[in-house]
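Hi,

Here is the structure I promised to pass on. Have a look at it first, and my notes follow below.

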Amino acid sequence: MRNLSIFLIIIHTLLLLITHTNTKKLNSLTVKSYEKDPSTYSNYEEIQQTSVFLNLYINFQQKILSGSVTITFTVIKNNVNKLILDVNSLSIKSITKGLTILKFSFDDTYSDSLGQGLVIILDRTYKQNEKLSIVITYSTTEKGDAVQFLSPEMTSDPTKGKPFMFTQCESVSTRSLVPIQDTPANKITVQATLTASSEFEVLFGGIKTNKVDLPNGLSVHYFTQNIPIPPYLIAITAGEIVGRDIINPYNSIKIRVWSEPINIDCTHLTFNDPLPLYVKAASEYMFDYEWGSYELVILPKSFPFGGMENPNLTFSSPSLIHCFKNERGELVADKGQVFIAAHELAHSWTGNLVTNSNWNHFWLNEGFTVFFERKLIELTEGYEARLLGAELVYPSLLDDIRMFILRGNKDLTRLLVDIQKRNPEEIMSKVPYDKGYALLHYLEQSVIKDEKIFQRIFRSYIVKYKYKSVVTSDFIDVFNSEIEEIFKSDQERLKEIKSKLSFNEWVLEEGEPVLIQNDYSNSLSSDCKVEFKYFLQYGKFSSSFESKFNQWTSLQKESFLLLIRDSTDSKTSTPYLVNYLRNTLNIKNEDKYAINIRFRWLQIELKNGKNYEVAEYLSKFLGSIGRSYFVRNIYDLWMRIDKNQAYNDFLINKTGYHPSVVSGIQHDFDLV
Ligand code: BES
Ligand code: ZN
């Protein structure tokens, strides 16, 4: 008996200890107004870079960039005699300040993904407000993951025999393109002089100021980015790329698309209508577009994202374009994914003008951009289309939240995270995007309940912080002071609004959104739901269903397929249904269906278990695209069914993927 009570006391104390440390851990994350960027080695709080001049040769033979970078700094504190930059897989030749050669060494105490600190001993001790410039001669190496060189086989048109290259720097890969203070906390202007063989077009995230053809077969391309940007927005691409202007009837912003020659007609056709409309709507909702020109380039299939908001020049995946010939032989574009261009354009304000100070506040970049993206969809296509966009992604948000919980990373289901020394890629999920959107949607529709007033608050936040970097409390402070001002003559309303506000709980809430719930149901998907209900009732489709399905927009088709994917009703795995999708609707047909539709169909096939009939199609799909979201998702389902075969497919296709995607998939395989 005594033993038992001692035992119980011990257990009780242990439990108390465990719960106590847990609450302590929870409380350790609060909404602070400042914190140092945990993902950089640099001493940016002591000495701060203000401009960067890149002078690089794009060497397709050796698959490297080589040359120099000149960085100018302002000293922030007194007694600074050391400069620490971020590097990853770079080969540093020399560092000079004027005629003085500076000594340097490397610090690699953090995790691999954060690279090393390049510790430079300055020529003397510097005082606050002094300025200095240094020149680093260096080259990239094939080990870095910012720069991907593609062989001609990896381009959209291997018959041309031309290689290709592009960079992808967000979140922490700029350090494998150039030695730099790789933190979004401070911003820089950038100039770039890029030299390459004259047979290639060279593009950069900035304005092209000049091009000089040299007699030796090389061309020098001059660029400038005069708006201060975070380093992760530095971007270069080169290859056989052609451009075509889009007529902008609404304002003076120059709009142009680029792609490999084989894709240019489809690229132009796809973005011709929506881009000028998006630029107009965004400028009117927020304030004038400040970057001068808006261009978008469709890259080869290994580009790992749908899109990346590089300034002046959105980079995107070829999975955004899908064209086919109609009965009259005319080329027609399926515009099911042009909303991604709205998203990347929206970043020109949210993210690129107002930037997260560090990756803990990534939701300020992406959540606000998803909100602005859907606002553009609302302004150009209507409120129902905005709701459909939100409704379509919601199941994936729940999937990601459950996945984080399952893998023991519940802390990453919060909007505001505490990333510590983890790789910022680990926080990539729908959480910052769509849990972020959910909060802003809720504020607009259920707290402020007035779109014009919400617009005023949103705009004030962007105006106040443009060219700067922000943390979560900066937005909360603007929100609070704006409502005080707006409702000062309506104290009742102000009181009511304030009683609903609970920012600290909202941004720290773990798991599925409970505090914030929105109703995204809409007239566009209700049609899909009616048809799905009919199917659930009768176990088959009506005779008119096929023509109805064909008339739906790409996103409605996706919405319908998601209903099947997420249903637990056994009718959604009958041979009838499998056969209907496979053969009657013939969703495997690449000419007829855009990749986002085929992706949803494959998810249904894999949900049904061992469908080896589609194994061949599956391998083909996995070899046809390198967009991380698509391939990681399909491998993830495939490996749960047949790990060996999935791994075989991965080995075959891996050389066609971006290095970040290869390591992501490898990581998933190791977990299963
Ligand atoms: N900035 C992101 C892509 C990104 C995020 C790259 C983090 C590296 C690290 C881009 O704007 C984005 O969100 N792309 C999405 C678009 C979608 C949400 C509309 C994509 O590619 O899926
Ligand atoms: Zn984004």
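Let's start with S259: leaving out residues up to four places away in sequence, S259 is in contact with E240, I241, V242, I264, T267 and I298. Do bear in mind throughout that this is a predicted model. S259 belongs to strand β17, which covers residues 254-259. Its relative accessible area is 0%, so S259 counts as buried. One of those contacts has a polar side to it: the S259 side chain comes to 3.1 Å from the backbone nitrogen of I264.

I298 also turns up around F271. With residues up to four places away in sequence left out again, the neighbours F271 touches are I246, V257, P276, L296, I298, L320, I321, V338 and A341. F271 itself sits in the largest nonpolar core, a set of 156 residues, and along with I58, L443 and Y461 it touches the most other members. Which helix gives the most to this core? That would be α7 (residues 430-448), with ten residues. Another core lies apart from this one; it has 44 residues, including W552, I597, L602 and I625. As background, nonpolar side chains in soluble globular proteins tend to be buried together.

Next, the metal. The zinc ion (ligand 2) is coordinated by NE2 of H343, NE2 of H347 and, listed twice, OE of E366, with distances of 2.0 to 2.7 Å. Along the sequence, the donor residues follow the spacing H-x3-H-x18-E. Both histidines, H343 and H347, are buried. What is the geometry of the site like? It is irregular: the zinc ion (ligand 2) has six donor atoms, and the angles among them run from 52 to 159 degrees. For reference, the ideal angles for six octahedral donors are 90 or 180 degrees.

Finally, the sheet. There is an open one made of eight strands, in the order β5-β4-β8-β2-β1-β11-β14-β13, and the pairing is mixed. At its edges are β5 (100-101) and β13 (207-213), each of which pairs on one side only. Further in, β2 (residues 64-75) runs antiparallel to β8 (residues 131-140), and nine bridges join the two. If you want a spot to zoom in on there, V69 is opposite I136 in β8.

Have a browse and tell me what you think.

Cheers

Notes: Residues are numbered from 1 along each chain as its sequence is written. Chains are lettered from A and ligands numbered from 1 in the order in which they are written. This is a predicted model: local features need pLDDT of at least 70, side-chain atom pairs count only at pLDDT 80 or more; totals for chains, interfaces and linings use all residues. Side-chain values use heavy atoms; hydrogens and water are left out. Helices (H or I, at least four residues) and strands (E, at least two) are DSSP runs, numbered from the N terminus. Buried means under 20% relative accessible area, exposed over 50%, partly exposed in between (1.4 Å probe, protein chains only). A polar contact is a pair of N or O atoms within 3.5 Å; within protein, one must be able to donate a hydrogen and the other to accept it, and residues adjacent in sequence count only if both atoms are side-chain atoms. Contact means heavy atoms within 4.5 Å. Two strands pair if DSSP finds at least two bridges between them. Donors are N, O and S atoms within 2.8 Å of the metal (3.2 Å for Na, K and Ca); water is not among the atoms, so sites may look incomplete. Four donors count as tetrahedral if all angles lie between 85 and 135 degrees; four count as square planar and six as octahedral if opposite donors are over 155 degrees apart and all others between 65 and 115; anything else is irregular. A nonpolar core is a set of buried Ala, Val, Leu, Ile, Met, Phe, Trp, Tyr and Cys residues joined through side-chain atoms within 4.5 Å.
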